[in-house]
Amino acid sequence: MTAPSPAPQAGSRPLLNRRLAAFGTTIFAEMSALAVATGSLNLGQGFPDTDGPAEIAEAAARAIRTGHGNQYPPGPGVPELRTAIAAHQQRFYGLGYDPDTEVLVTAGATEAIAAALLALLEPGDEVIALEPYYDSYAACIAMAGATRVPVTLRPRDGAFRLDLDELRAAVTPRTRLLLLNTPHNPTGTVLTAAEMGAIAELAVERDLLVVTDEVYEHLVFAGAAHVPMASLPGMRDRTLTISSAGKTFSFTGWKVGWAVGSPALVSAVRSAKQFLTYVSSGPFQYAVAEALALPDAYYADFLAGMARKREILSAGLAAAGFEVYAPAGTYFITTDIAPLGETDGIDFCRRLPERCGLVAIPNAVFYDDKEAGRTHVRWAFCKKDEVLEEAAARLRRL
Ligand SMILES: *Cc1c(COP(=O)(O)O)cnc(C)c1O
């Protein structure tokens, strides 16, 4: 083991600026390193252990071989992909977008989120985000100089739910934007049509922009349904919808994402995006255009496979004594460790690899209100069935 090197300094001033100093290293880096060091099964970071469709991988290889996207693609994305994204919104949600003025291709959903917040916020603006939140949200809001105002999803009847009164009370004259994520990582909550309708009414009434992160739009299990915010009355032109190929097609390393919205919103976001990456993932853009056009059977089989995996891991967690919050969407399960006599998820996750050879993520790191998530732990089930069966066997050692 080498000692950590001291934080670099220029004179007496820390090099890392105040906006970012609070964030440290993402929990995923720490836990994935722990998984490797201990030879544990990694149910922490949410990446699949099986690649997406072979014909889509082949399409990427073909694009490289035939010189498609090997040089800087157009700033907004290649036309084939922008057209495919617009067709996808029409096919699944009946929403029409102009591929030339209303679609922007980004380096994953991550860049779309960053560019949106950097473009749309002034310092001092408030952003309401549902907590627990995806870890890049807080950092990007901070980089934009804005203030995050969390509204906490709390367990009710076996799922994490939004308190609409709490949401309404969080809006102030400084609120500029609601940053939503449904299906929701890490809780697996899918906001209902009634909840989405109430949020839309609030956004119209208080004249708020809505940025929605819908990367799990195709991972919604039977009994729930994904309602795109942009489909609700008064919302089309105040909503920037963000998604990505990573989760839907199991190619998280390709980093092809997108944002769709009104020409004014998309052009604002493009202003920031052009100075972040400018462009990215050239050949992969052509392959994702083909992926989006895959027949309904692809999407149905993907969902059915994940539903089966959800059952394997849920059963293993329940048998080991965890309280399991059955996810309505995403490929994550949030559990409560309190029934095991545990009181601290961070401590539990740090000890888990040596106790039973598994890695999970403590939800507390996704909260401002650490108390609210203290005993919650997230498990990813986007892994081979046999890996999940083995994880279930290891859980019995606890
Ligand atoms: C994985 C994930 C992202 C990032 O998507 P990329 O396309 O890999 O950048 C964004 N939001 C949520 C909620 C995620 O889980």
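## A helix tucked inside

A residue counts as buried when its relative accessible area is under 20%. Keep that cut-off in mind as we explore this predicted model.

Let's start with helix H11, which spans residues 282–292. Nine of its eleven residues are buried, so the rest of the structure largely encloses this helix. The buried ones are Gly282, Pro283, Gln285, Tyr286, Ala287, Val288, Ala289, Ala291 and Leu292. What lies over them? The cover includes the helices H3 (54–65), H4 (79–93), H9 (245–249) and H12 (296–319), together with the strands E4 (103–107) and E12 (256–260).

## A sheet with two edges

Helix H12 will come back in a moment, but let's look at a sheet. This open sheet has four strands in the order E13-E14-E17-E16, paired in antiparallel fashion. Strand E13 (323–325) and strand E16 (361–362) are at the edges with a single partner strand each, so one side of each has no neighbour in the sheet.

Further in, strand E14 (residues 332–336) and strand E17 (residues 376–380) run antiparallel and are joined by five bridges. Here you can find Ile333 opposite Trp379 of E17. H12 packs on this sheet, where it touches E13, E14 and E17, and its direction makes about 10° with that of E14.

## Two helices side by side

How do H2 (residues 27–38) and H13 (residues 345–356) pack? Their angle is about 15°, and their axes are 10 Å apart. That angle makes H2 roughly parallel to H13, and their crossing is right-handed.

At the contact, Glu30, Met31, Leu34 and Thr38 of H2 meet Cys349, Arg350 and Pro353 of H13. These contact residues comprise four nonpolar, one polar and two charged.

How values were computed. Residues numbered from 1 in each chain as written. Predicted model: local features only at pLDDT ≥ 70, side-chain atom pairs only at ≥ 80, totals over all residues. Heavy atoms only, no water. Axes fitted to C-alpha atoms, helices over the stretch in contact; angles between N-to-C directions. Parallel < 35°, antiparallel > 145°, perpendicular 65-115°, else oblique. Left-handed = near helix turned anticlockwise from the far one by under 90°. Contact = heavy atoms within 4.5 Å. Nonpolar A, V, L, I, M, F, W, Y, C, P; charged D, E, K, R; others polar. Buried < 20%, exposed > 50% of the residue type's maximum accessible area, 1.4 Å probe, protein only. Pairing = 2+ DSSP bridges.
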